[in-house]
Amino acid sequence: TYTGSNQTATVAENEAYEVTVNAGGTNVGEYDVVLTLTDTKKYEWTTPDADDKAKVTLKFAITKASNEITVLTVADRTYGEQAAEPTATAKFGTPEFTYATSENGEYTATVPSAVGKYWVKATVEGTSNYDGASKTAQFEIKKAASAVTTAPAAKTLVYTGSAQELVTAGVTSDGTLKYKLGENGEWGETIPTATDAGDYKVYYKVVGDESHSDTAETE
């Protein structure tokens, strides 16, 4: 069977003949093994070669090998991180990688970048020497942590008789900033306001988008 290395036939010699050709080969196919009589006066072949009665040519065959991918690993990653190349080890050949959103889905060469669960397939195309092989594994792209680009800042205000915004607007590119007034207030995108003089506590947090997780609330 094909191994990727040169192989020769195993033929025992005796006093009647010796092995004079046994170069073998690497690829699938048939190779000559020639046995030559050591003493043509004492011995003869029953079915010698047509062109030389002292020789008989046998055929040594190398057959096609089965193949398998023994190892396939792929790491989970966080959104925005550079994709790490999967690693795979095949008995024969070099694996190529494709990706899909389900194990039995349509695989393409496009490396996914959005948050979600995916499948990678390592594939080796068959050749005349060995069969093709494939193996799949699942991995996940997880949400990245949200960040506040500009945090809301408390304002020092003077009573005017009208409602006034208590903090400056915060900024994030990872979702939506939400606020609430007081520990028991309701979350919303509108900056909290108050009219009367006093001390107020405003809480804020980022509600992440499809690629980012929520932050903890900050006072």
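This section describes aromatic pairs, lysine side chains over rings, one β-sheet and several salt bridges in a predicted model.

A search of the whole structure finds 6 aromatic pairs. In one of them, the rings of Y2 and F92 are tilted against each other, with 5.2 Å from centre to centre and 55° between the planes. This contact joins distant parts of the chain, since Y2 belongs to the segment before β1 (17–21) and F92 to the loop between β6 (87–90) and β7 (96–100), 90 residues apart. Both Y2 and F92 are buried. F92 also forms an aromatic pair with Y130, and this pair is stacked, the centres lying 5.5 Å apart and the planes meeting at 15°. Here too the partners come from distant parts of the chain, F92 from the loop between β6 and β7 and Y130 from the loop between β8 (116–124) and β9 (133–142), with a separation of 38 residues. The relative accessibility of F92 is 11%, and the residue therefore counts as buried; Y130, with a relative accessible area of 13%, is likewise buried. Taken together, Y2, F92 and Y130 form one aromatic cluster.

Lysine side chains are also placed over aromatic rings. K205 lies over the face of W187, at 4.5 Å from the ring centre, and K180 lies over the face of Y203, at 5.4 Å from the ring centre. K180 additionally takes part in a salt bridge with E217, in which the closest N and O atoms are 3.9 Å apart. Because K180 lies in strand β12 (residues 175–181) and E217 in the segment after β15 (212–213), this salt bridge ties together parts that are 37 residues apart in sequence. The two partners can be described by their accessibility: K180 is buried, with a relative accessible area of 8%, whereas E217, at 43%, counts as partly exposed.

An open sheet is formed by 3 strands in the order β1-β2-β3, and the pairing is antiparallel. Its edge strands are β1 and β3 (55–62), each of which pairs on one side only. On average, and with direction ignored, neighbouring strands of this sheet are turned by 35° against each other. Strand β1 is joined to β2 (residues 29–37) by 4 bridges, the two strands running antiparallel, and the bridge partner of E18 in β2 is T36.

The count of salt bridges in the model comes to 4. One of them is formed by D32 and K59, whose closest N and O atoms are 2.5 Å apart. This pair links strand β2, which holds D32, to strand β3, which holds K59, across 27 residues of the chain. D32 is partly exposed, with a relative accessible area of 36%, while K59, at 54% relative accessibility, counts as exposed. A further salt bridge brings together the side chains of K64 and D131, at 3.7 Å from N to O. The partners again lie in distant parts of the chain, K64 in the loop between β3 and β4 (69–73) and D131 in the loop between β8 and β9, 67 residues apart. K64 is partly exposed, its relative accessible area being 44%, and D131 is also partly exposed, with a value of 32%.

Notes: Residues numbered from 1 in each chain as written. Predicted model: local features only at pLDDT ≥ 70, side-chain atom pairs only at ≥ 80, totals over all residues. Heavy atoms only, no water. Phe/Tyr/Trp six-rings, centres within 6.5 Å; stacked < 30°, edge-to-face > 60°. Buried < 20%, exposed > 50% of the residue type's maximum accessible area, 1.4 Å probe, protein only. Lys NZ or Arg CZ within 6 Å of the ring centre and 35° of its normal. Pairing = 2+ DSSP bridges. Axes fitted to C-alpha atoms, helices over the stretch in contact; angles between N-to-C directions.
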